[in-house]
Amino acid sequence: MEKLRRVLSGQDDEEQGLTAQVLDASSLSFNTRLKWFIICFVAGIFFSILGTGLLWLPGGVKLFAVFYTLGNLAALASTCFLMGPVKQLKKMFEKTRVLATVIMLLCLIFTLCAALWWHKKGLALLFCILQFLSMTW
């Protein structure tokens with residue numbers, strides 16, 4: 001359990017740079033990180049389900065796109081609390097994950113643009129599907 005706690009809190013045995021050391025010195029406790037992980041993860045699921053429910057209302061594509069995107073952002077924030085923001089960003093932009101990360105971030109932005117400014121419902125749904133696929137990739 002102690003090894004899991006060290007890995008998830010970013011305190012593994014690798015040498016850390018000055019920025020990582022400063023962030024570790026002011027970081028949250030493991031219990032606090034775990035609580036906020038659960039809060040953000042549950043909020044992400046709630047927003048995604050709420051958005052899906054709102055999809056069937058008149059004009060619901062806009063609400064679906066907004067709430068689904070908020071759900072994905074909350075889910076992303078939950079893992080950020082669990083392992084720390086620096087480690088999260090390092091893992092997201094590793095060589096094997098950078099393409100999926102860029103596609104996911106672009107789809108988050110394009111989903112909101114398609115739903116709120118371009119008023120293209122089909123495009124907003126397509127970008128939501130691409131969000132899901134890139135998050136699972």
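This passage looks at helix H6, its aromatic residues and the annotated spans of a predicted model.

Helix H6 makes a convenient starting point. It covers residues 98-117, and its end C-alpha atoms are 28 Å apart. At 1.5 Å a residue, the 20 residues of the helix should span 28 Å, so the expected and modelled values agree. Just beyond the helix comes His-119, whose phi is positive, near 55 degrees.

The buried positions of H6 are spread along its length: Ala-100, Thr-101, Met-104, Cys-107, Leu-108, Thr-111, Cys-113, Ala-114 and Ala-115. What do the buried residues of H6 pack against? Their partners are helix H4 (60-83), helix H5 (85-92) and helix H7 (121-136).

Aromatic contacts add further detail, with seven aromatic pairs in the structure. In one of them, Phe-110 is paired with Trp-118 in a tilted arrangement, with 6.2 Å centre to centre and 35 degrees between the planes. Phe-110 is partly exposed because its relative accessible area, 32%, falls between the 20% limit for buried residues and the 50% limit for exposed ones. Trp-118 also counts as partly exposed, at 42% relative accessibility.

Phe-110 takes part in another tilted pair, here with Phe-127; the separation is 5.4 Å centre to centre and the planes are 40 degrees apart. Phe-110 lies in helix H6 and Phe-127 in helix H7, so this pair ties together parts that are 17 residues apart in sequence. Is Phe-127 buried or exposed? With a relative accessible area of 12%, Phe-127 is buried, whereas its partner Phe-110 is partly exposed. Elsewhere, Phe-46, Phe-47 and Phe-67 form one aromatic cluster.

The annotation can be set beside the model. An unreviewed UniProt entry lists residues 36-57, 63-86 and 98-118 under "transmembrane region". For residues 36-57, the end C-alpha atoms lie 32 Å apart, and the span is 86% helix and 0% strand. For residues 98-118, the corresponding separation is 27 Å, with 95% helix and 0% strand. Helix H6, at residues 98-117, thus has its counterpart in the listed span 98-118. Phe-46 and Phe-47 of the aromatic cluster have positions within the listed span 36-57, and Phe-67 of that cluster has a position within 63-86.

Notes. Residues numbered from 1 in each chain as written. Predicted model: local features only at pLDDT ≥ 70, side-chain atom pairs only at ≥ 80, totals over all residues. Heavy atoms only, no water. Helix = DSSP H or I, 4+ residues; strand = E, 2+ residues; numbered from the N terminus. Expected span 1.5 Å × (residues − 1). Buried < 20%, exposed > 50% of the residue type's maximum accessible area, 1.4 Å probe, protein only. Contact = heavy atoms within 4.5 Å. Phe/Tyr/Trp six-rings, centres within 6.5 Å; stacked < 30°, edge-to-face > 60°. UniProt positions renumbered as here; feature names shortened; annotations may be inferred.
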